[in-house]
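Student: I should like to work through this protein with you, beginning with confidence and then turning to packing. May we look at the sequence and structure together?

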Amino acid sequence: MRRITRPAWMAAGIFFVALGTLGIFLPLLPTVVFYLLAAWCFSKSHPEWAEKLYNHPTHGHHLREWRDRRAVSRKGKVAAIGAMSLSIGFVGLTLGWPWVLIPVGVLAVIGPWIWTRNE
């Protein structure tokens, strides 16, 4: 079983790095969140790869703040809640009722949780 899990964790980490990298170019994908997931997966398969993410010049600070203090910057909180709010309008215009309730529910549950994290 151990032989299977390490490659699976590594594959998941690579997948999340790919999604996070896409998030750099596509504003609706959360780059740091996917890099956090990748670092967690790499910590189970290749800890040195996780450290490379934690030492990344652009996103490493955010990853270390979350790892060490479970903290999210004010700018990150505003961006996350703003993107969730914009998604309500987008889903409302494209899919309409009742699909608009999904981003409303996500914002209602996840928004306060994000806002109450350490800064």
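Tutor: The exchange below concerns a predicted model.

Student: In the protein, in which helix is confidence highest?

Tutor: The model is predicted, and the protein averages a pLDDT of 86, with 95% of the residues scoring at least 70. Confidence is lowest in helix α1 (residues 2–25), at a mean of 86. The highest value, 90, belongs to α3.

Student: Are α2 and α3 roughly parallel or antiparallel to each other?

Tutor: The axes of helix α2 (residues 31–45) and helix α3 (residues 47–54) come within 6 Å and cross at roughly 155°. Angles over 145 degrees count as roughly antiparallel. The two helices α2 and α3 are therefore roughly antiparallel.

Student: By class, how many nonpolar residues does the contact of α2 with α3 have?

Tutor: From α2, the contact is made by Tyr35, Ala38, Ala39, Phe42, Ser43 and Ser45. Pro47, Trp49, Ala50, Leu53 and Tyr54 take part from α3. By class, the contact of α2 with α3 has no charged residues, two polar ones and nine nonpolar ones.

Student: Which helix supplies the largest share of the largest nonpolar core?

Tutor: That core has twelve residues, including Phe16, Phe34, Leu36, Cys41 and Leu63. Both α2 and α3 supply at least two residues each. The largest share, seven residues, comes from α2.

Student: Leaving aside neighbours within four places in sequence, with which residues is Phe16 in contact?

Tutor: Phe16 is itself one of the residues of the largest nonpolar core. Leaving aside neighbours within four places in sequence, the contacts of Phe16 are Phe34, Tyr35, Leu37, Ala38 and Cys41.

Definitions and conventions:
Residues are numbered from 1 along each chain as its sequence is written. This is a predicted model: local features need pLDDT of at least 70, side-chain atom pairs count only at pLDDT 80 or more; totals for chains, interfaces and linings use all residues. Side-chain values use heavy atoms; hydrogens and water are left out. Axes are lines fitted to C-alpha atoms, for helices over the stretch in contact, and angles run from 0 to 180 degrees between N-to-C directions. Helices (H or I, at least four residues) and strands (E, at least two) are DSSP runs, numbered from the N terminus. Angles under 35 degrees count as roughly parallel, over 145 as roughly antiparallel, 65 to 115 as roughly perpendicular and the rest as oblique. Contact means heavy atoms within 4.5 Å. Ala, Val, Leu, Ile, Met, Phe, Trp, Tyr, Cys and Pro count as nonpolar, Asp, Glu, Lys and Arg as charged, and the others, Gly among them, as polar. A nonpolar core is a set of buried Ala, Val, Leu, Ile, Met, Phe, Trp, Tyr and Cys residues joined through side-chain atoms within 4.5 Å. Buried means under 20% relative accessible area, exposed over 50%, partly exposed in between (1.4 Å probe, protein chains only). pLDDT is the predictor's confidence in each residue, from 0 to 100.
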